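Reader: Could you walk me through this protein, one question at a time?

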Amino acid sequence: MTSATRQPETPAPTVPLRLIATDLDGTLLRDDKSVSPRTVAALAAAEEAGVEVFFVTGRPARWMDVVSEHVHGHGLAICGNGAAVVDLHGGPGAHRFVKVRELARENALYAVRLLREAAPGTVYAVEQTYGFNQEPDYPKLHMEIPDTLAPVEKLLAPGGVADGEPVLKILAYHPSIDPDDFLATARIAVGDRATITRSSPSALLEISGPGVSKASTLALCCAERGISHEEVVAFGDMPNDVEMLTWAGQSYAMGNAHPHVLAAASGRTVANNEDGVAVVIERLLAERL
């Protein structure tokens, strides 16, 4: 597998652009969750020019309807921060899982126990390929009703309600800790038994399997296509994008990006509400002429 731990650099102009990898919320999508006409046109132009476009998001597959009508060519998206590769061609409610990189239940329970000790008051939800379950005290943060309310240890127990399908990630929420402090605390407490990141402005962490990230799954998808990291341009705005931005040959932090993202990317563009992804795509395609 191609390494996903490089440092940012800008490739020589002779390196061809073969794949665009873009985050959704805060990046490709405007704040109202729409895809602007300018961005739709830029994505279509890229595909027409033979450049593949991958949506790479923390969203679960069932939240991909917002971009399903804008897929071209292969129609694949990387969801759940790298935990799944999904074929969006089926349309709303008919997405097909092509690849799943699940979080083992023993790793999930280990992370839950250590984080409870390090940050008392943390509450959890369990994100699966199709299901969503949460603890009773987990707040209403998402656009759906949970399938089950129960302590996370019960949800993850053998034979429990979450036992019938893969776990993609655990969501951990704390009502009062600073979001960046919560992330740092969790990473120290859990170590390499899980990958921990965040994409929300609140103290909401996303816990995936060891080594699972947007970057590592994107590297797998690129390797299958014979695409090197130098031939990829990536866009993002939050800490869960950092690894992807440091892996890609060219990377752009949005004008509204988190400071860690601004430090990781090799370039910057304007904010999501100003069509920052489209601005760069238009320039890159013009340079190919």
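Below, we go through a helix, the cores, the salt bridges and a few buried polar residues.

Author: Happy to! This is a predicted model, in which local features need pLDDT of at least 70, side-chain atom pairs count only at pLDDT 80 or more, and totals for chains, interfaces and linings use all residues. Residues are numbered from 1 along each chain as its sequence is written, and side-chain values use heavy atoms, leaving out hydrogens and water.

Reader: How far apart are the end C-alpha atoms of helix α2?

Author: Helices (H or I, at least four residues) and strands (E, at least two) are DSSP runs, numbered from the N terminus. Helix α2 has 12 residues, 37–48, and the expected span is 1.5 Å times one less than the number of residues. That gives an expected 16 Å, and the distance in the model agrees, the end C-alpha atoms being 16 Å apart.

Reader: Which residues of α2 are buried?

Author: Buried means under 20% relative accessible area, exposed over 50%, and partly exposed in between (1.4 Å probe, protein chains only). By that rule the buried residues of α2 are T39, A42, L43, A46 and E47. They cover an arc of only 135° around the axis (taken from the directions from the helix axis to the C-beta atoms), which puts them on the same side of α2. On the other side, the exposed residues are P37 and E48. So the buried set, sharing one side of α2, is T39, A42, L43, A46 and E47.

Reader: What does T39 of α2 touch, beyond residues up to four places away in sequence?

Author: T39 has 2% relative accessibility and therefore counts as buried. Contact means heavy atoms within 4.5 Å. What covers the buried residues of α2 includes β1 (19–22), α1 (24–28), β2 (52–56) and α10 (276–288). For T39 itself, the residues touched are L28, D275 and A278.

Reader: Which element gives the largest share of the largest nonpolar core?

Author: A nonpolar core is a set of buried Ala, Val, Leu, Ile, Met, Phe, Trp, Tyr and Cys residues joined through side-chain atoms within 4.5 Å. The largest one has 34 residues, and I20, F55, M64, V67, F235 and I281 touch the most other members. At least two residues each come from α1, α2, β2, β3 (76–79), β4 (84–87), β12 (232–236) and α10. The largest share, six residues, comes from α10.

Reader: How many salt bridges are there?

Author: A salt bridge is a side-chain nitrogen of Lys or Arg within 4 Å of a carboxyl oxygen of Asp or Glu. One example is R96 with D87, at 3.2 Å from N to O. In that pair R96 counts as partly exposed at 48% relative accessibility, whereas D87 is buried at 11%. By this rule the count comes to 18.

Reader: How many residues apart in sequence are the parts that E231 and R18 tie together?

Author: E231 forms a salt bridge with R18, with the closest N and O atoms 3.5 Å apart. E231 lies in the loop between α7 (214–225) and β12, and R18 in the segment before β1, so the parts tied together are 213 residues apart.

Reader: And why are E117 and R113 separated by about one helical turn?

Author: These two also form a salt bridge, with the closest N and O atoms 3.6 Å apart. E117 counts as exposed at 54% relative accessibility, and R113 is partly exposed at 42%. Both sit in helix α4 (residues 105–118), and the separation is about one turn because they are four residues apart.

Reader: Which side chain does R59 join in a polar contact?

Author: R59 is found in the loop between β2 and α3 (65–68), and at 7% relative accessibility counts as buried. A polar contact is a pair of N or O atoms within 3.5 Å; within protein, one must be able to donate a hydrogen and the other to accept it, and residues adjacent in sequence count only if both atoms are side-chain atoms. At 2.7 Å, the partner of R59 is D25.

Reader: How far apart are the side chains of K169 and E206 in their polar contact?

Author: K169 sits in strand β9 (residues 167–173) and counts as buried at 4% relative accessibility. Beyond its neighbours within four places in sequence, K169 is in contact with residues including G58, G80, L103 and E206. The polar contact joining the side chains of K169 and E206 is 2.8 Å.
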